[in-house]
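Please look over the sequence and the model before reading on. The report below goes through a few places in turn, with short headings to guide the eye.

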Amino acid sequence: MSANTHSELFGLLDITGADADECARLLATPPDESVLRSMAALQQRLGTFPLESIREDNASETVWIEALLRFAPAVYSHHLERGISPEVSAASLADMGLQLRINRRVHGRFGLDTWGWLTLHMAGNLFRLGRLQFHLVRGPEETAQAGTPAEDQRWVLGVHIPEDGGLSPALVDASLAEARLFFARYFPDKPAAVATCDSWMLDPYLADRLPDSNIASFARRFTLDRCTDAPTDAVYFTFRQRGLQDLDRLPRDTSLQRVVLERIDDGGTWQLGHGHLAL
Ligand SMILES: CC(C)(COP(=O)(O)OP(=O)(O)OC[C@H]1O[C@@H](n2cnc3c(N)ncnc32)[C@H](O)[C@@H]1OP(=O)(O)O)[C@@H](O)C(=O)NCCC(=O)NCCS
């Protein structure tokens, strides 16, 4: 069976080129026990607004890729049943193809080391609206008042930034505006007044060193609640390299590349900034 057989599915997930051939190979034989188990785990979460991705230390990446491929149509139907447009559903699920392409840059081969991240999309509560992705979840427990039952905890939108060209303030404004309308319309019983972001981009060191950048302007929208050590995130998102080995071989062409490496050269540690903004 070729990629053509699955052109509709691969179009939905934006799976292209050699990745489409590899995915077609996975779909050419019936799913085995482990794929069916992974699909059952995805089915259990669909429509339940989970905050965390599925984590399984001994899971095979290929099993999860196949399970995600086979399960995606159920998520698409789930979105459409809620009245969400095919375009928004497809834009949201297209992260699968992007992550497969990124995996090739990181590891030089077919794979999906971010399969856990995709399990969030498959629960049906993560949407790409314009430039940004939004994850509708219950707020973390520390923001809830003591004794508040889980079902009464406030809803928040977790904001994520997919790789897709520049992050101009105008694109971010438009995306936030779209999110306000979208969630009020399709999830009126889950009103979110706050958006949160946990990212290397909110490390105050960046806004300090590159104050005129899009990244700094994005970070300044958020009130920074706290920072935690995340030594490898900035390197991963800037260079698509896992780990801190062979840093001297990485390019220093852009101002961001220089800032990321110079901080490490100076003995510093990159942080994850945790912030929030009022919607
Ligand atoms: C977030 C992102 C879209 C910002 O892109 P942008 O709008 O071009 O960023 P800025 O305008 O703030 O860039 C400032 C400088 O950093 C450079 N830069 C930005 N992102 C870069 C990247 N991923 N790799 C290398 N250089 C980068 C720009 O080229 C510019 O360099 P210059 O000053 O030498 O011209 C981009 O970094 C990206 O796609 N990152 C991957 C996704 C990600 O990190 N998501 C968050 C996960 S928690």
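Where is the place of Asp14? Asp14 sits in the loop that runs between α1 (7–13) and α2 (17–27). The model shown here is a predicted one, and every statement that follows should be read with that in mind.

## Two loop residues with positive phi

Asp14 has a phi near 55°, which is a positive value in a residue other than glycine. With a relative accessible area of 31%, Asp14 is partly exposed.

Phe49 also has a phi near 55°, again a positive value in a residue other than glycine, and Phe49 is placed in the loop between α3 and α4. Phe49 is buried, because its relative accessible area is 12% and the cut-off for burial is under 20%.

## Helix α4 and the surroundings of Leu69

Helix α4 covers residues 61–81, and Leu69 has its place there. Leu69 has a relative accessibility of 0% and therefore counts as buried. When its neighbours within four places in sequence are left aside, Leu69 is in contact with Leu9, Phe10, Leu13, Ile15, Cys23, Leu26, Leu27 and Met96.

One of these contact partners, Cys23, is itself buried, with a relative accessible area of 0%. Leu69 can also be set beside Ala24, which is 45 residues away along the chain, while the C-alpha atoms of Leu69 and Ala24 are separated by 9.7 Å.

## How α3 meets α4

Helix α3 (residues 33–45) and α4 have axes that come within 9 Å and cross at roughly 55°, and the two helices are therefore oblique to each other. The crossing in which α3 passes α4 is right-handed. On the side of α3 the contact is made by Ser34, Val35, Ser38, Met39, Ala41, Leu42 and Gln43, and on the side of α4 by Val63, Trp64, Glu66, Ala67, Leu68, Arg70 and Phe71. Sorted by class, the contact of α3 with α4 has nine nonpolar, three polar and two charged residues.

Ser38, which lies in helix α3, gives a closer view of this contact. With a relative accessible area of 6%, Ser38 is buried, and, apart from its neighbours within four places in sequence, Ser38 is in contact with Val63, Trp64 and Ala67. A general point about helices may help in reading such lists: an α-helix has 3.6 residues a turn, so residues three or four places apart point the same way.

## How α4 meets α5 and α6

Helix α5 (residues 86–93) packs with α4 at an angle of about 145°, and the axes of the two are 9 Å apart. The crossing of α4 past α5 is right-handed. Ala72, Val75, Tyr76, His79 and Leu80 of α4 make this contact together with Pro86, Ser89 and Leu93 of α5, and the residues of the contact divide into six nonpolar, two polar and no charged.

Helix α6 (residues 95–107) has an axis that comes within 12 Å of the axis of α4, and the two cross at roughly 155°. The helices α4 and α6 are therefore roughly antiparallel to each other, and their crossing is left-handed. The contact involves Glu61, Ile65, Leu68 and Leu69 of α4, with Met96, Leu100 and Asn103 on the side of α6. By class, five nonpolar, one polar and one charged residues make up the contact of α4 with α6.

## Helix α12 and its cover

Further along the chain is helix α12 (residues 255–265), whose buried residues are Leu256, Gln257, Val259, Val260, Leu261, Arg263 and Ile264. The elements that cover these buried residues include α9 (204–209), α10 (214–219), α11 (233–239) and β6 (271–278). Just after α12, Gly267 takes a positive phi of about 90°.

## Cysteines

How many disulfides does the count come to? The count comes to zero disulfides, where a disulfide is taken as a pair of cysteine sulfur atoms within 2.5 Å. For Cys227, the closest cysteine sulfur is that of Cys197, and because the distance is 12 Å, the two are too far apart for a bond. Cys227 counts as partly exposed, at 32% relative accessibility.

Note on methods: Residues are numbered from 1 along each chain as its sequence is written. This is a predicted model: local features need pLDDT of at least 70, side-chain atom pairs count only at pLDDT 80 or more; totals for chains, interfaces and linings use all residues. Side-chain values use heavy atoms; hydrogens and water are left out. Helices (H or I, at least four residues) and strands (E, at least two) are DSSP runs, numbered from the N terminus. Buried means under 20% relative accessible area, exposed over 50%, partly exposed in between (1.4 Å probe, protein chains only). Contact means heavy atoms within 4.5 Å. Axes are lines fitted to C-alpha atoms, for helices over the stretch in contact, and angles run from 0 to 180 degrees between N-to-C directions. Angles under 35 degrees count as roughly parallel, over 145 as roughly antiparallel, 65 to 115 as roughly perpendicular and the rest as oblique. A crossing is left-handed if the near helix is turned anticlockwise from the far one by less than a right angle, and right-handed if clockwise. Ala, Val, Leu, Ile, Met, Phe, Trp, Tyr, Cys and Pro count as nonpolar, Asp, Glu, Lys and Arg as charged, and the others, Gly among them, as polar.
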